[in-house]
Amino acid sequence: QVQLVESGGGLVQAGASLRLSCAASGFTFSNSDMAWFRQAPGKEREFVARVMWSHFTSYVDSVKGRFTISRDNAKNMVYLQMNNLKPEDTAVYYCATGIVSTTPAKARYWGQGTQVTVSS
């Protein structure tokens, strides 16, 4: 079965960097689009970044220039490099595949999430 396991979250100060990782299994990773979403307390889950099977990437405007999504097909891994973090980036970050829509956030498969907390 499809499994997505995120790691790399934590508590950092504003301006710091984190790299999130997502280990994928149970499907043909190299043919699949992968994405990161996030959900802050009391808010809807929102799209953050997507990398298609072709390596084409897209981002929500609020993270452009700060976040970079990438994939390693040899390792079945997807990454989210987050630089210059801001308090408003605080959320649980989810890895997803089988993307149905980015807005609203709908996907067939989700990881369990990893918490990112940015203090001011």
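What follows is a chat about a predicted model of one protein chain.

Colleague: How many helices and strands are in the protein chain?
Modeller: The protein chain has 0 helices and 11 strands. From the N terminus on, the elements run β-β-β-β-β-β-β-β-β-β-β.

Colleague: What is the radius of gyration of the protein chain, and what would a compact globule have?
Modeller: The protein chain has 13 Å, and a compact globule with 120 residues would have a radius of gyration near 14 Å, so the two agree. Taken along the principal axes, the C-alpha atoms fill a box of roughly 40 × 30 × 25 Å.

Colleague: And what share of the residues count as buried?
Modeller: 43% of the 120 residues do. The accessible surface comes to about 6200 Å², and carbon and sulfur atoms account for 48% of that.

Colleague: What about contacts between residues at least 24 apart?
Modeller: They make up 55% of the contacts between residues at least 6 apart in sequence.

Colleague: Charges next. How many positive and negative side chains are there?
Modeller: There are 12 positive and 8 negative side chains, and the centres of the two sets lie 3 Å apart.

Colleague: Where is Arg50, and which side chain does the side chain of Arg50 join in a polar contact?
Modeller: Arg50 is in strand 5, residues 46-51. The side chain of Arg50 makes a polar contact of 3.2 Å with the side chain of Asp33. Beyond four places in sequence, the residues Arg50 touches include Asp33, Met34, Phe56, Ile69 and Ile99.

Colleague: Does anything else involve Asp33? Say, what lies 2.9 Å from the backbone oxygen of Asp33?
Modeller: A polar atom of the Thr97 side chain does. Thr97 belongs to strand 9, residues 91-101.

Colleague: Is Thr97 buried or exposed?
Modeller: Buried: the relative accessible area of Thr97 is 3%, and buried means under 20%. Leaving aside neighbours within four places in sequence, Thr97 is in contact with Val2, Leu4, Phe27, Ser32, Asp33, Met34, Ala107, Arg108 and Tyr109. Asp33 and Met34 are also among the residues that Arg50 touches.

Colleague: Switching to Gly9. Where is Gly9, and how accessible?
Modeller: Gly9 sits in the loop between strand 1 (3-7) and strand 2 (10-13). Gly9 counts as partly exposed, because its relative accessibility is 33% and partly exposed covers the range between 20% and 50%.

Colleague: Which residues does Gly9 touch, leaving out those up to four places away in sequence?
Modeller: Leu18, Leu20, Thr114, Gln115 and Val116. As for Val92, 83 residues apart from Gly9 along the chain, the two C-alpha atoms are separated by 8.5 Å.

Notes
Residues numbered from 1 in each chain as written. Predicted model: local features only at pLDDT ≥ 70, side-chain atom pairs only at ≥ 80, totals over all residues. Heavy atoms only, no water. Helix = DSSP H or I, 4+ residues; strand = E, 2+ residues; numbered from the N terminus. Rg over C-alpha atoms; globule rule 2.2 N^0.38 Å. Buried < 20%, exposed > 50% of the residue type's maximum accessible area, 1.4 Å probe, protein only. Contact = heavy atoms within 4.5 Å. Areas by Shrake-Rupley, 256 points an atom, 1.4 Å probe, with all protein chains shown as cover. Lys, Arg positive; Asp, Glu negative; His and termini not counted. Charge placed at Lys NZ, Arg CZ, Asp CG, Glu CD. Polar contact = N/O pair within 3.5 Å; in protein donor to acceptor, adjacent residues only side chain to side chain.
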